[in-house]
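Here are my notes on the model you sent over. I've kept them as numbered points so you can reply to each in turn.

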Amino acid sequence: MTLKKYQQKRDFKHTPEPKGKSSKRRQKNPIFVVHEHWASHHHFDFRLEIDGALKSWAIPKGPPLKKAEKRLAVQVEDHPLEYANFEGEIPKGLYGAGKVEIWDQGDITSLKTQKNLIEFELKGKKLTGRFALVHPQKFEKKNWLLIKRD
Ligand code: MN
């Protein structure tokens, strides 16, 4: 797990985002966070704590709320764990410019990761219950589906 891509894309002299370091954090449950991001295209960033970083996907239409709903989730670079608490305004001209707000956050109460399938249960305010991230073979490498199970 590396934050190299994350750090290469950003100018930490100017962005209010955390620089981040790889860290191991031990608390009872791993966490998730969903950021709402008013970038050039409004989207949601869905992040799961896996192996000491936040695995991240951009979801143009936002996470699914009803059983069996599916949403395109485009994988982006891993983000540092500190990013889970980030909210702010990324200045114009910088990567990801625009307002970032936490839309939901909470615990991952179960997690099973395979190569093209991540199954998990969330306990947040807006997102609760079982979900899966699936990478269908026919899809481009970065394109996944986030599916609400129950
Ligand atoms: Mn974003």
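**Notes on the model**

1. Starting with the metal: along the chain, the donors of the manganese ion follow the spacing H-x5-H-x1-D. Bear in mind throughout that this is a predicted model. The protein donors behind that pattern are His37 through ND1, His43 through NE2 and Asp45 through OD. They lie 2.1 to 2.3 Å from the manganese ion.

2. Are the donors His37 and Asp45 buried or exposed? Both of them are buried. For a residue to earn that label, its relative accessible area has to be under 20%.

3. His42 is worth a look alongside the site. His42 is found in strand 2, and it counts as partly exposed because its relative accessibility is 36%, which falls between the 20% and 50% cut-offs. Leaving aside residues up to four places away in sequence, His42 touches Glu36, His37 and Pro60. One of those contacts, His37, is itself a donor of the manganese ion. There is also a long-range pairing to check: His42 and Gly98 are 56 residues apart in sequence, yet their C-alpha atoms are 9.2 Å apart in space.

4. On the fold, the protein chain has 1 helix and 9 strands. Reading from the N terminus, the order is α-β-β-β-β-β-β-β-β-β, so the helix comes ahead of the strands. Of the contacts between residues at least 6 apart in sequence, 50% join residues at least 24 apart.

5. What radius of gyration would a compact globule of 150 residues have? It would be near 15 Å, and the protein chain agrees because its own value is 15 Å. The C-alpha trace spans about 45 × 35 × 30 Å along its principal axes. As for burial, 42% of the 150 residues count as buried.

6. Turning to the surface, the protein chain exposes about 8800 Å², and carbon and sulfur atoms supply 50% of that area. There are 31 positive and 19 negative side chains. The centres of the two charge sets lie 4 Å apart.

7. Two backbone angles deserve your eye. Most residues other than glycine have a negative phi. Asp51, however, has a positive phi, near 50°. Asp51 is found in the loop between strand 2 (42-50) and strand 3 (53-59), and it counts as exposed because its relative accessibility is 65%.

8. The other is Ala68, whose phi is positive at about 75° although Ala68 is not a glycine. Its place is in the loop between strand 3 and strand 4 (70-79). With a relative accessible area of 55%, Ala68 is exposed, the cut-off being over 50%.

9. Last, the loop towards the C-terminal strands. Where is Pro136 found? Pro136 is in the loop between strand 8 (128-134) and strand 9 (143-148). Not counting residues up to four places away in sequence, Pro136 touches Asn143 and Leu145, and both of these contacts fall within the range of strand 9. Pro136 and Asn116 are 20 residues apart in sequence, with a C-alpha to C-alpha distance of 7.3 Å.

Methods: Residues are numbered from 1 along each chain as its sequence is written. This is a predicted model: local features need pLDDT of at least 70, side-chain atom pairs count only at pLDDT 80 or more; totals for chains, interfaces and linings use all residues. Side-chain values use heavy atoms; hydrogens and water are left out. Donors are N, O and S atoms within 2.8 Å of the metal (3.2 Å for Na, K and Ca); water is not among the atoms, so sites may look incomplete. Buried means under 20% relative accessible area, exposed over 50%, partly exposed in between (1.4 Å probe, protein chains only). Helices (H or I, at least four residues) and strands (E, at least two) are DSSP runs, numbered from the N terminus. The radius of gyration is taken over C-alpha atoms; the globule rule is 2.2 Å times the number of residues to the power 0.38. Contact means heavy atoms within 4.5 Å. Accessible areas come from the Shrake-Rupley method with a 1.4 Å probe; for residues, only the protein chains shown count as cover. Lys and Arg count as positive and Asp and Glu as negative; His and the chain ends are not counted. The place of a charge is taken as NZ of Lys, CZ of Arg, CG of Asp or CD of Glu.
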